[in-house]
Number of protein chains: 4
Amino acid sequence: MKNVRTDLAVEARELYCKEKEEEKHGIKVSTKKIEDINITTVDVLNEEGEEKIRKPKGTYITLDIPKVTLYDSEDIEDISKVLAGELTDITNKIKLNESMTVLVVGLGNWNITPDALGPKVVDKLMVTRHLKKYIPDSIDEGIRPVCAVAPGVLGITGMETGEIIRGIVQNIKPDLVICVDALAARKMERVNSTIQIGDTGISPGSGVGNMRMEISQKTLGVPVIAIGVPTVVDAATMANDTIDIVIEKMESEVSKNSKFYSLLKTIDTEEKEELIHEVLNPYVGDLLVTPKEVDMIMETLSKIIASGINISLQPALELKDINNYIS
Amino acid sequence: MKNVRTDLAVEARELYCKEKEEEKHGIKVSTKKIEDINITTVDVLNEEGEEKIRKPKGTYITLDIPKVTLYDSEDIEDISKVLAGELTDITNKIKLNESMTVLVVGLGNWNITPDALGPKVVDKLMVTRHLKKYIPDSIDEGIRPVCAVAPGVLGITGMETGEIIRGIVQNIKPDLVICVDALAARKMERVNSTIQIGDTGISPGSGVGNMRMEISQKTLGVPVIAIGVPTVVDAATMANDTIDIVIEKMESEVSKNSKFYSLLKTIDTEEKEELIHEVLNPYVGDLLVTPKEVDMIMETLSKIIASGINISLQPALELKDINNYIS
Amino acid sequence: MKNVRTDLAVEARELYCKEKEEEKHGIKVSTKKIEDINITTVDVLNEEGEEKIRKPKGTYITLDIPKVTLYDSEDIEDISKVLAGELTDITNKIKLNESMTVLVVGLGNWNITPDALGPKVVDKLMVTRHLKKYIPDSIDEGIRPVCAVAPGVLGITGMETGEIIRGIVQNIKPDLVICVDALAARKMERVNSTIQIGDTGISPGSGVGNMRMEISQKTLGVPVIAIGVPTVVDAATMANDTIDIVIEKMESEVSKNSKFYSLLKTIDTEEKEELIHEVLNPYVGDLLVTPKEVDMIMETLSKIIASGINISLQPALELKDINNYIS
Amino acid sequence: MKNVRTDLAVEARELYCKEKEEEKHGIKVSTKKIEDINITTVDVLNEEGEEKIRKPKGTYITLDIPKVTLYDSEDIEDISKVLAGELTDITNKIKLNESMTVLVVGLGNWNITPDALGPKVVDKLMVTRHLKKYIPDSIDEGIRPVCAVAPGVLGITGMETGEIIRGIVQNIKPDLVICVDALAARKMERVNSTIQIGDTGISPGSGVGNMRMEISQKTLGVPVIAIGVPTVVDAATMANDTIDIVIEKMESEVSKNSKFYSLLKTIDTEEKEELIHEVLNPYVGDLLVTPKEVDMIMETLSKIIASGINISLQPALELKDINNYIS
């Protein structure tokens, strides 16, 4: 059901846990804390887990970062380094060595601020493939060839993002693809404060972007790591949650066998959809809930992610050197 | 109560009418239709009216425009002309003659897309005061001196917008000030589809902008016309309405004297605030609900309003000539 | 020699004509006038022509448009229609029928204003391929599938633009590729007032963009039409021309056999380069000469070209319908 | 003569020194070096000096900074601190104490990239006046009230920038006004690599902005410090210099009493203007010469200047705290 769709494995797991109290086989969860960043790793181990959590088999790492400030370059650097560390753990798993080429793809629509995260990250990446290829002597031995593209969304290009990426991959032949995308969250508290890293690529219909074709090792032939940040809650989801909260509150106030209680139960999905329509009309489905300062927040988040990728992909360099390259 | 705050006289009137069934003295409402634009004029005639509708004494004209399309220059032109007509009616009331100077003020924060309407309108205005002053011979006799400014908001400038405007008015001495601002609506259906023109200036706390000092004839010493378009619904308002709708629905389903009904009544404002906090946490108060395409919609709306002002202030010119001046 | 490089066939021809007074075989030139737009068609017929004019064999149509104004939608429309007509003549030659798919490529760097023409055009195109593919019933029979992409430049992506386009072409299999690019002119008088349409694709090193791989039927396997507008003169070219003009002027003032005259002759290319370095230091090679209002001019030019392409590719539609689709 | 107009005292002095070999009374010049930044202080002591150098009596400090890189936050910080130091020396001279209010004015046109420096600086300032006024308890004792505005240029507002500023000053009553503006340089080598600080305000016709009314203590009634960076060379100036260089070169190659030499002398100003027209036609006077990456360079320069002002105006704070405030 659309209204409970989420791109975050941690949220999917919460939804699942609400239903069943104790954890079933097929899903392994571990947590750790680095500085003030909580890191949760959800491993989906088998089909059973896939079904429960409605996410493909693989590893999903979630960083809960403190609400980001706009200019504080030190905070941005600290978070970037933690992100880089987690990213490196995943790339090590796929045995990516220093000389291998990486293609970074910034997904999303640059005309819709909270969906522009991917393109903004691409803007800030250290792109080196052309230097390695055309003027190899002018740059350090240890630098990895990195290329990047922000292809735009179906509505802008008329082409599946997946089709475009596949075409590029076939010609450039990278050893790894990293996709960066803005996601939709179920709860405001996650918006702009959670970074998810996954090794299963991007599945259809994710995020605010418009993709139908999966972007994964299966479709591209190379490993695909996805980095996502929830930047919006869709207004229908918010309205739906509001209704649930009201009903829950009432349920908690009356005895389970009263007429009132049973009436509350009668408010089913269909009726809820009607109520939601009433609230959101005439924009249903196209409404986003975002913080006022979304433009500035996207700027900061894109710095964090770009910097995290740069650090992880260029282990031979200091952050200062990376920044000098970029300029 | 913050959650029912509205900048639109038509919405204020609806709120008022909900409470009392028949209309009291002090408020006169008339409606007409030009092409497919419904125009409602609300006149607040006296203190009694002011109290009821919580708007200062004066005239409020509301244009309900069809959902705007992005590029269709013909539609934009048609709406502009209707807007220009209404604007001219109001400026005639204050006996503005062709040679009098008008200062247009674009209120709002250009860093927050749905609040950038005012600054975007100023961008598209036909500004002529400097030509009349420095190279009068180079332009038509009939052209009115117009100047414009987008001063920014308190958080950007550290100054009351009202203080800035007053300073400019004291030095430039315009005969009329027109303020353009983005407003907050109570209902999504009004967002980006309603234009309000009022002759009472702008009162504290309106819109998304941050103003404390009133911008009106009282504070500036010259007549002030305000043009506003609701571009957002604040998320708290939306959550509040959602709760009301749920409760209404339930009330409609049970007898007025049941225990259930009385319980519904117990969900008072304070409890509602709690529920809303639960939904919006941690962003309460800073969340906006906007359509995905808000950037493009602001572009179109600013064209309509700028063009409406240009046509109304330069009766001696054809729209084509105006556009040639602007370029 | 870099300083006389030009992307315009008409300029290349002028350069050639300066050297030889009468026209040689291998180049056919014809001119016509539609409204106030002068149209010059240069046909390079054979190798001899290719050598003389340093442009590959093919047809080059040049529209000399009146200096564009910023807002005048009528002027923009008129020029668009003339452009559309010429474009249609060329597409007819390659027997493009209504159902065939077209890929429009916006070349250039969106971070450098005068080089952002291509990406800005893509922004304003009527993209339909996805509609034809996913919701064919919802749109008119006669609508042609069009897709579009702005891949960015080598410095941004680390990939040859040609590699990216080839990959997309291999996956999307369009019947025609139209490339839009900002060019460099030799003379200010051509800047922003000339549109060139060619059927030979784009050759290495053209424009301000960074391409090494040719984008043509040879490399893509489908016909390639290039639309270009000179948006800058490189400062070295301007300095070079300035020097030439000074020398010419002096030459004209003295007898051909004076010591002075012979001395003027001694100012050879190498010395000129030195002088130019002296003027442009330390920026040599990276300096652009542009009109102040370059941002606004790019906006208008991109409207003209996008509209011209839209009209030409969608003969079944009125411009108004096209604009409605776009919105 | 327009073609030798310069906003830089150091350039004015060079022009002057070309004419007279040794320095006359009325001008005092001193230099120092901090890190790799050369600092030149030109004091215009009396009318004699004013005449020679064509700049009002006062102090002009010039920082020659190394070519700025785009992202290197450390370099940016270092330069900011040197700028802050010089700025503090000047504010100390006017006995500005910690509690006094400062108004920062960002001059220039945000629609013309190289002229947008002032507005971009205002964007990045630590604005505190409203906090001191409305929520004094929430911020540190030692914080100085700062406010800021970017009023736009005559062509955008129809009002003299000076009129707008005067109006604001009359209402806000700051103790000091700091104006930031983009300037025109005579030589490419100064562009984007020189920062000038002056205590004489801004005189008519400076920079690329359009001001007629002087902005100074005389017109505003409070001290005015001007910070300027040359961001363009106007193309006419560049063409003029090119011609001079050619002529100089020739002069150096022939004996002073040859017919040729005397002919060179005949190329007078008027003829030069003709030649320049020939080169720049049809854009004469509206052409700017800028580096390709002007957008990114403006971003970096505005960071340096904003940070320099923030550090100097808030001595009680660490840069880190300042950045936290800003966010």
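Colleague: Which residues of H12(C) do the H3(C) residues meet?
Modeller: Keep in mind that this is a predicted model. On the H3(C) side, the residues in contact are C:Ile76, C:Ile79, C:Ser80, C:Lys81, C:Leu83, C:Ala84, C:Leu87 and C:Thr88. Across from them in H12(C) sit C:Thr300, C:Lys303, C:Ile304, C:Ile305, C:Ser307, C:Gly308, C:Ile309, C:Ile311 and C:Ser312.

Colleague: How many nonpolar, polar and charged residues does the contact of H3(C) with H12(C) have?
Modeller: Take the residues class by class: C:Ile76 and C:Lys303 are among those that meet, and Ile counts as nonpolar while Lys counts as charged. Sorting the whole contact that way gives nine nonpolar, six polar and two charged residues.

Colleague: Are H3(C) and H12(C) parallel or oblique to each other?
Modeller: Helix H3 covers residues 73-93 of chain C and helix H12 covers residues 294-313, and their axes come within 7 Å. The axes cross at roughly 45 degrees, and the crossing is right-handed. Angles under 35 degrees would count as roughly parallel and 65 to 115 as roughly perpendicular. Roughly 45 degrees fits neither, so the two helices are oblique.

Colleague: At roughly what angle do the axes of H3 and H12 of chain A cross?
Modeller: In chain A, H3(A) passes H12(A) in a right-handed crossing. Residues that meet there include A:Leu83 and A:Leu87 in H3(A), and A:Ile304 and A:Ile311 in H12(A). By class, this contact has nine nonpolar, six polar and two charged residues. The axes come within 7 Å and cross at roughly 45 degrees.

Colleague: What about helices from two chains: which residues of H9(B) does H11(A) meet?
Modeller: H11 of chain A spans residues 269-280, and H9 of chain B spans residues 235-253. From H11(A) come A:Glu271, A:Leu275, A:Glu278, A:Val279 and A:Leu280. By class, the contact has six nonpolar, one polar and four charged residues. The partners in H9(B) are B:Met238, B:Thr242, B:Ile245, B:Val246, B:Lys249 and B:Glu253.

Colleague: Why are H11(A) and H9(B) oblique to each other?
Modeller: Their axes come within 10 Å, and H11(A) passes H9(B) in a right-handed crossing. An angle over 145 degrees would count as roughly antiparallel, and 65 to 115 as roughly perpendicular. The pair is therefore oblique, with a crossing angle of roughly 130 degrees.

Colleague: What kind of axis relates chain B to chain A?
Modeller: You can lay chain B on chain A with an RMSD of 0.1 Å. Doing that takes a turn of 180 degrees and a shift of 0.0 Å along the axis. That is why the relation is that of a two-fold axis.

Colleague: Which residue of chain B comes closest to the rotation axis?
Modeller: The same surface serves both copies, with 100% of the contact residues of chain B recurring in chain A. Going by C-alpha positions, the closest one lies at 2.3 Å from the axis, and that is B:Val289.

Colleague: How much area do chain B and chain A bury between them?
Modeller: The contact takes 41 residues from chain B and 42 residues from chain A. On the chain B side, B:Val279, B:Tyr283 and B:Lys292 lose the most area, together 17% of what that side buries. Carbon and sulfur atoms carry 71% of the total, which is about 4,100 Å².

Colleague: And when chain A is laid on chain C, which C-alpha of chain A is nearest the axis?
Modeller: This superposition uses a turn of 180 degrees and a shift of 0.0 Å along the axis, with an RMSD of 0.1 Å. The nearest C-alpha is 2.0 Å from the axis, and it belongs to A:Gly167.

Methods: Residues are numbered from 1 along each chain as its sequence is written. Chains are lettered from A and ligands numbered from 1 in the order in which they are written. This is a predicted model: local features need pLDDT of at least 70, side-chain atom pairs count only at pLDDT 80 or more; totals for chains, interfaces and linings use all residues. Side-chain values use heavy atoms; hydrogens and water are left out. Axes are lines fitted to C-alpha atoms, for helices over the stretch in contact, and angles run from 0 to 180 degrees between N-to-C directions. Helices (H or I, at least four residues) and strands (E, at least two) are DSSP runs, numbered from the N terminus. A crossing is left-handed if the near helix is turned anticlockwise from the far one by less than a right angle, and right-handed if clockwise. Contact means heavy atoms within 4.5 Å. Copies are superposed by least squares on the C-alpha atoms of residues with pLDDT of at least 70 in both. Buried area is the accessible area (1.4 Å probe) that two parts lose on being put together, summed over both.
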